[in-house]
Amino acid sequence: MYSGNPYYEEAINDDNKRFQARIKLRDNTLYNSNIKSIKYDLDINPNEKFQIGGVYGATISLELLNYEGDLNNINFDNEEFVIDLKILIDDLYTVSKFDKELVKIINTLPIKKITSLWVPQGKFYTTEIKKNENMTISIKLIDKTKYLEDEYVCTLTPPFTLKRLYEDVHSKAQVVSDTKSFYNENKLVNGVPVGYTYKQILGYIAECACGAYIINRFGNGEIRSYGSEVVKDIEKGKYKEFLPSENYITIKKVKYYNGTIGTEKGHILELDDKNPLLSDEIAQSIYNKMLNFIYIKYTLKLTNCDFAMDCADKISITNTKDTEFKTYIMKNSWEFTGAMSQNWEAKGENELSNTYSSSSKGPINQELDRIIKEEIPTAKEEAIQAATDLLTAYNGGYVIKKNGELYIADNEDLDKAQHVWRWNINGLGYSSTGVDGPYGLAITMDGKIVADFITTGTMSAERIKRRNS
């Protein structure tokens, strides 16, 4: 929860409050008169099953008013959008209304308070712009997670800690992090992760830290962990609609690539089998942290919108029957149209669905799992070795250039050749039946890759050589 102002809670509960939006650009600032609507959404648990880890970006759908043409000269493509919201109430005076001398005079009077109630919502960047015929401009925005899709090249020498890896990712991605420490930060990584994006590595680190990675209100990276203390109480019936599930979700087991930890009946937290940073030690540590983590699945439509609340905040809601529910904000959505509306949500499977999907698989799915875990890595290694053996066992051939095409064949007379590689402006292909094809292995200029067989790895390099001889 953002707590930048001591008078915010009083203002947010005022029955006569009003709202103001502000969008700061490089050389311009837009207020309500230019803003038709702002829709915000951030979901750190978007799947039906409760999970930890991952990188989640907040998105904005923005509708601007341009009736007077005063936005025509702004190039929104290259702008950073800094979005703030503010509460306005009659007996609260903002600093911006007064100069310094006037403030001194007013401070001698029984004025209730003088303050500023701008609450930052984030920094966002353009993904789509549409200028409409009705003189409105529709813009879709996302936060800095859009810049984390590039490949991360790790130059650290193992072993190194998760914290050192986290710092190196931010240094190379040129993103500031507001997380100075996190759970499991001192656990060691014994191998260099290769072939991953910044986003993937940060999501894997966040899983080891029992949280989720986000870009926060200030445009900085953060591992957001679920809080242990309630930071907001919603009193009896003080909402538009509250729909909780019948039962709480309580984590009792952790499942990962090497098995399941925990024996008690209850929900299973599944870790990502593709996480290269996981180890038996880290999985055990995650189990120790997440054991008995409890919340209830729900949807909530608020009466009193509160744009200082964050995903992963713990809340308490009392329904009209005086039953108190303690849970978390996992999805936060709000819309500004001059007025404000806001919805919160938490997803999760019931125990039967969770335990069944985690532990009960039919023979086809079990076989698929076995193939993925056991045969595919072996097949890939054998296929690479077979290709290496073939290419290094070079035993002749003819290079023929003819009519804008290049051929590599087993006979200098193309009409007599059987094994032919053919390369021209339309692509590259191989035929084992002569120059007229068919070319069962090919890469074509329209981006297609054609293969008439799949090497499974069960055929040795020597057998492939014999087959092609």
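# Strands, cavities and a helix: how do we know?

Modeller: Let's start with one pair: Ala-442 has Val-450 in E31 as its bridge partner. The model is predicted, by the way.

Biologist: What makes strand E30 and E31 a pair, and how do they run?

Modeller: Two strands count as paired when there are at least two bridges between them. Strand E30 (residues 441-444) and E31 are joined by three bridges, so they qualify, and they run antiparallel.

Biologist: Why are strand E26 and strand E31 called edge strands?

Modeller: The sheet here is an open one of six strands, in the order E26-E27-E28-E29-E30-E31, with antiparallel pairing. Strand E26 (398-402) and strand E31 (449-451) each pair on one side only, and they are its edge strands. On average, neighbouring strands of this sheet are turned by 15° against each other, direction ignored.

Biologist: What makes the pairing of the sheet E17-E22-E23 differ in kind: is it antiparallel or mixed?

Modeller: This open sheet of three strands has mixed pairing. Its edges are strand E17 (230-234) and strand E23 (324-328). Here the average turn between neighbouring strands is 25°, again ignoring direction.

Biologist: How do you know that strand E22 and E23 pair?

Modeller: Five bridges join strand E22 (residues 314-318) to E23 in the antiparallel sense; the cut-off is at least two, so they pair. Ile-315, for instance, stands opposite Thr-327 in E23.

Biologist: And how many bridges link E18 with strand E21?

Modeller: E18 and strand E21 (residues 294-302) share eight bridges and pair in the antiparallel sense, with Tyr-239 opposite Leu-302 in E21. E21 is also joined to strand E25 (residues 340-346) by four antiparallel bridges. There, Tyr-298 stands opposite Ala-346 in E25.

Biologist: How many cavities of 30 Å³ or more does the structure hold?

Modeller: There are two. The largest encloses about 140 Å³ of space, and the second largest has a volume of about 40 Å³. A space is called a cavity because a 1.4 Å probe fits inside but cannot get out.

Biologist: Which residues lie nearest the centre of the largest cavity?

Modeller: Tyr-40, Leu-42, Gln-121, Arg-217 and Asp-310 do, out of 18 lining residues. E9 gives the largest share of the lining, three residues. By class, the lining has ten nonpolar, four polar and four charged residues.

Biologist: What lines the second largest cavity?

Modeller: Lys-49, Phe-50, Ile-249, Ile-251, His-267, Ile-268, Glu-349 and Asn-354. Strand E18 (239-256) and strand E20 (267-270) each supply at least two of the lining residues. The lining divides into four nonpolar, two polar and two charged residues. Asp, Glu, Lys and Arg count as charged, so Lys-49 and Glu-349 are in that class.

Biologist: How do you know that the span of helix H3 is close to the one expected?

Modeller: Helix H3 (residues 162-173) has twelve residues and reaches 16 Å from its first C-alpha to its last; the expected span, at 1.5 Å a residue, is 16 Å. Just after H3 comes Gln-174, whose phi is positive, near 60°.

Biologist: Which residues in H3 are called buried, and why?

Modeller: Leu-162, Leu-165, Tyr-166, Asp-168, Val-169, His-170 and Ala-173 are the buried ones. They carry that label because each falls under 20% relative accessible area.

Note on methods:
Residues are numbered from 1 along each chain as its sequence is written. This is a predicted model: local features need pLDDT of at least 70, side-chain atom pairs count only at pLDDT 80 or more; totals for chains, interfaces and linings use all residues. Side-chain values use heavy atoms; hydrogens and water are left out. Axes are lines fitted to C-alpha atoms, for helices over the stretch in contact, and angles run from 0 to 180 degrees between N-to-C directions. On a 1 Å grid over the protein atoms alone, a cavity is a set of points where a 1.4 Å probe fits but cannot get out, and a pocket is an open set with protein on both sides within 12 Å along at least five of seven lines; lining residues have an atom within 4 Å of a point. Grid points are joined across faces, edges and corners, and a volume is the space filled by probe spheres set on the points. The expected span of a helix is 1.5 Å times one less than its number of residues. Buried means under 20% relative accessible area, exposed over 50%, partly exposed in between (1.4 Å probe, protein chains only).
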